[in-house]
Amino acid sequence: ETHALARIARAHATGYDLVALPLTTDAWRVRWRAMCVVEAPDAGVLAHDREREARAEAWRASPRFEDGELTISRLDEAQGTLVVVSEWLELDAADDWVRHDSEIALLQELAFASYLDVHAAILPPPRNRHHIASYARAVCAALSRVTYMTLSVRLPIYDPAVLRADGGASEAELNATWEMWDAVRALCGYDPRLTLALDLTPPLPSVPGVLARWAAEPLRHVFLPASTFIANAKGYPVLPKGAQAFIRDIMKHRPTVILAEAGKGLHARGGEAAYLQYVRHLEKTSPSVVKSATEGTVEHFARGYQDYLQAPLQPLMHNLQSVTYNTFEQDPVKYQKYEEAVYLAVSEWPPCDRMVLVVAGAGRGPLVARALTAIARASRDVAVYALEKNPNAFVTLQGRKRDEWGNAVQLVFGDMRTVQVPEPADIVVSELLGSFGDNELSPECLDGAMRFLKPGGISIPASYSAHLAPLSSSKLYNEVRAGRGDRDKAAETPYVVMFQAVNILSGNGGGEAGRCGPQVQECWEFEHPRRDAVLNELGLPPTNTHNTRSATLTFHIPHAGVLHGFAGYFEAVLYGSIGLSIHPDRMEHVSKDMLSWFPLFFPLKDPLYVPSNSELQVSLWRLTNARQVWYEWCAEAFLPVFSPPATSPATGPERKTSLSLVDGHGAVRAPTPVPFAAPSPLVDALDSPLLERAPEPLRRASVAGETGVVKIGQTALHNPEGRSSWIGL
């Protein structure tokens with residue numbers, strides 16, 4: 001038994017799943033340095049240098065290991081092992097030749113790991129921001145050489161060297177390591193085999209947004225050294241509360257947690273097993289893990305569908321399959337809400353001999369059954385009509401009428417936009433909502449169904465609204481790029497997605513002059529029946545132009561990130577105070593654990609970097625012609641700039657600045673030089689050292705005085721004229 005096999009066996013006996021081992025020994029580092037690193041020049045060692053260079057050239061021509069330079073060299077040793085590439089390799093060194101030879105050594109190590117059928121390796125961390133492009137280029141070359149191996153870049157959440165004596169650091173400094181990661185994955189073309197190994201050695205920052213951005217990254221491994229733990233009152237190792245919360249949150253990624261130095265006895269009690277037991281406890285108590293294991297929750301219902309792109313339904317062009325209906329009918333919350341809405345509407349209807357209720361789009365009948373239950377609870381005489389256009393689902397309705405409902409329900413076959421019902425209705429009930437409210441053509445369908453209503457009649461739902469938020473997710477960006485067919489069309493198609501590895505970039509309020517809205521903003525609303533509707537002799541609108549909508553939303557981006565698209569949500573008022581919601585801030589209060597709808601994802605073709613304290617203006621349109629409905633979308637990024645008032649002591653009345661910002665949205669004339677420079681888009685706007693060092697009167701004037709924004713980036717217009725995606729009428 002080899003030393004490596006003995007370590008692996010001991011780890012498995014202790015309860016570990018696998019072992020993270022450096023691929024090479026110190027002998028390899030010594031030989032590499034002797035060949036490739038030139039010490040201070042000395043005229044007396046020129047012959048030695050020529051000999052060293054000859055050895056180096058021979059190695060460069062044919063890189064290979066010598067005996068004693070590897071920790072594992074057999075196939076059985078590689079099984080159950082996570083390989084760590086030599087940490088001393090400097091792929092971003094200031095010296096060109098050190099970078100060159102480090103890359104050769106990297107490819108040599110990965111080639112040997114591939115020989116042992118290793119599927120994942122952890123790369124050395126980047127250290128030099130100035131040469132991060134060289135690091136990324138070397139990683140890109142490695143990805144092309146080892147075509148099936150997953151490579152993880154090891155990075156701390158931030159560089160501990162940036163901490164001041166008081167333990168503080170500006171957000172620009174805390175952003176540095178994430179920005180290095182962003183540069184590497186962008187220069188590597190968002191390769192799906194490039195992942196992240198997050199090093200939790202330094203204390204976690206207290207800024208939630210700085211931590212949240214990592215949730216949107218492809219987190220594969222987490223380094224957790226024993227020194228990160230603190231002792232509890234009994235002397236056992238535990239993590240600080242902030243680290244506990246962060247570990248629990250990232251457990252939704254199912255990362256490999258790498259415990260280091262657990263056997264060094266840094267804590268008085270528990271021994272090595274205490275660290276392992278504690279991490280497993282955090283995993284078991286992770287909210288995402290708990291919800292996924294709890295029946296009746298959205299997370300349990302959506303297992304296997306997290307971050308999976310699904311095309312929205314085409315309800316008017318396609319007839320749904322029975323299995324699709326069956327999936328929707330698994331949602332007890334939605335139908336309980338509908339039953340309660342019907343019960344209240346029927347109960348509050350003025351006294352009369354008989355009421356008429358139409359279920360428009362009855363499907364396989366769940367709404368019909370709930371309506372009958374509500375009517376029985378209200379003890380009212382109500383005639384019920386069930387209307388359905390799907391001939392296959394209509395067969396199921398006929399069977400339920402025969403076996404369950406009898407004369408309590410009358411069936412009507414046809415499209416609600418054209419069919420006639422036997423008598424006018426007091427109440428029309430429908431479940432035509434999509435993930436964005438209107439994206440499955442509920443407005444167009446209900447335009448036809450409102451013909452059935454008597455004056456003063458009730459529609460359930462009464463209204464619904466669409467909501468939007470900017471998000472970052474390299475996983476979703478890669479999923480869109482990997483889609484079949486035309487990549488441009490895939491990036492101009494909205495998808496239904498159960499979000500997991502995402503980060504909402506926006507904050508609540510803020511921005512220049514406080515004009516930015518909340519984190520999730522309303523785009524538009526539809527009401528039924530429409531007020532002051534223009535109708536033809538058939539009771540239908542002459543055109544569909546009244547269902548077009550547009551929205552321009554301004555979001556504050558408090559922390560630097562990369563925009564990959566937008567999250568779409570909806571809220572609906574069924575009747576009175578009864579509603580449905582997938583709005584992330586209100587869903588728990590309105591319709592907790594509702595399963596029927598995942599959010600809608602509007603992707604971007606190309607990522608857009610947004611710095612801290614920037615503003616994002618998003619434009620979204622719902623457009624239509626005689627045959628189709630489609631969405632178009634785009635975004636622009638702006639950065640606040642500050643200019644002292646013209647009469648401030650810093651400038652004096654005779655030194656007026658020519659900076660002019662037309663309506664604050666980036667129509668900018670070139671300014672003359674001013675004593676206080678506007679922050680660069682590459683640094684954090686409100687954390688600028690220039691602003692921090694400015695005199696107090698100037699700082700107040702800059703923040704609260706004359707401010708504006710300059711445009712720093714924009715996306716393309718997506719899906720113009722519905723060229724890539726649309727919903728058919």
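Buried means under 20% relative accessible area, exposed means over 50%, and partly exposed is in between, with a 1.4 Å probe and protein chains only. This tour uses those words at several stops.

The model is predicted: local features need pLDDT of at least 70, side-chain atom pairs count only at pLDDT 80 or more, and totals for chains, interfaces and linings use all residues. Residues are numbered from 1 along each chain as its sequence is written, and side-chain values use heavy atoms, with hydrogens and water left out.

**Stop 1: aromatic rings**

A pair of aromatic rings is described by the distance of the centres and the angle of the planes. Here rings of Phe, Tyr and Trp (its six-membered ring) pair if their centres lie within 6.5 Å; planes under 30 degrees apart count as stacked, over 60 as edge-to-face and the rest as tilted. The rule gives 21 aromatic pairs.

Select W28 and W88. Their rings make a tilted pair, 6.3 Å centre to centre with 55° between the planes. W28 belongs to helix α2 (residues 26-36) and W88 to the loop between β2 (81-84) and α5 (96-115), so the pair ties together parts that are 60 residues apart in sequence. The helices (H or I, at least four residues) and strands (E, at least two) named on this tour are DSSP runs, numbered from the N terminus. W28 has a relative accessible area of 0% and is buried, while W88, at 22%, is partly exposed.

Next, select F570 and W597. This pair is edge-to-face, with 5.0 Å centre to centre and 75° between the planes. F570 sits in strand β20 (residues 561-575) and W597 in the loop between α21 (587-590) and β22 (600-610), so that distant parts of the chain, 27 residues apart, are linked. F570 is buried at 0% relative accessibility, and W597 is buried at 8%.

Now add W32, W59, F65, F112 and Y115 to W28 and W88: these residues form one aromatic cluster.

**Stop 2: charges over rings**

A charge sits over a ring if NZ of Lys or CZ of Arg is within 6 Å of the ring centre and within 35 degrees of the ring normal. Select R213 and W178: the charged end of R213 is over the ring of W178, 5.1 Å from its centre. Then select R549 and F526, where R549 lies over the face of F526 at 3.9 Å from the ring centre.

**Stop 3: cis peptide bonds**

Select I460 and P461, which are joined by a cis peptide bond with omega of about 10°. P461 is in the loop between β14 (453-460) and β15 (463-472). Another cis peptide bond joins H528 and P529, with omega of about -5°. The loop between β18 (521-527) and β19 (549-557) holds P529.

**Stop 4: positive phi**

Select D307, which is not a glycine yet has a positive phi of about 60°. D307 is in the loop between α13 and α14 (322-328) and is buried, with a relative accessible area of 3%.

D593 is also not a glycine, and its phi is positive, at about 65°. D593 lies in the loop between α21 and β22 and is partly exposed at 24% relative accessibility.

**Stop 5: G296**

Keep D593 on screen and select G296, in the loop between α12 (287-293) and α13 (298-301). Which residues is G296 in contact with, leaving aside its neighbours within four places in sequence? They are D593 and L595, where contact means heavy atoms within 4.5 Å. The C-alpha atoms of G296 and M594 are separated by 8.7 Å, with their places 298 residues apart along the chain. G296 is partly exposed, at 44% relative accessibility.
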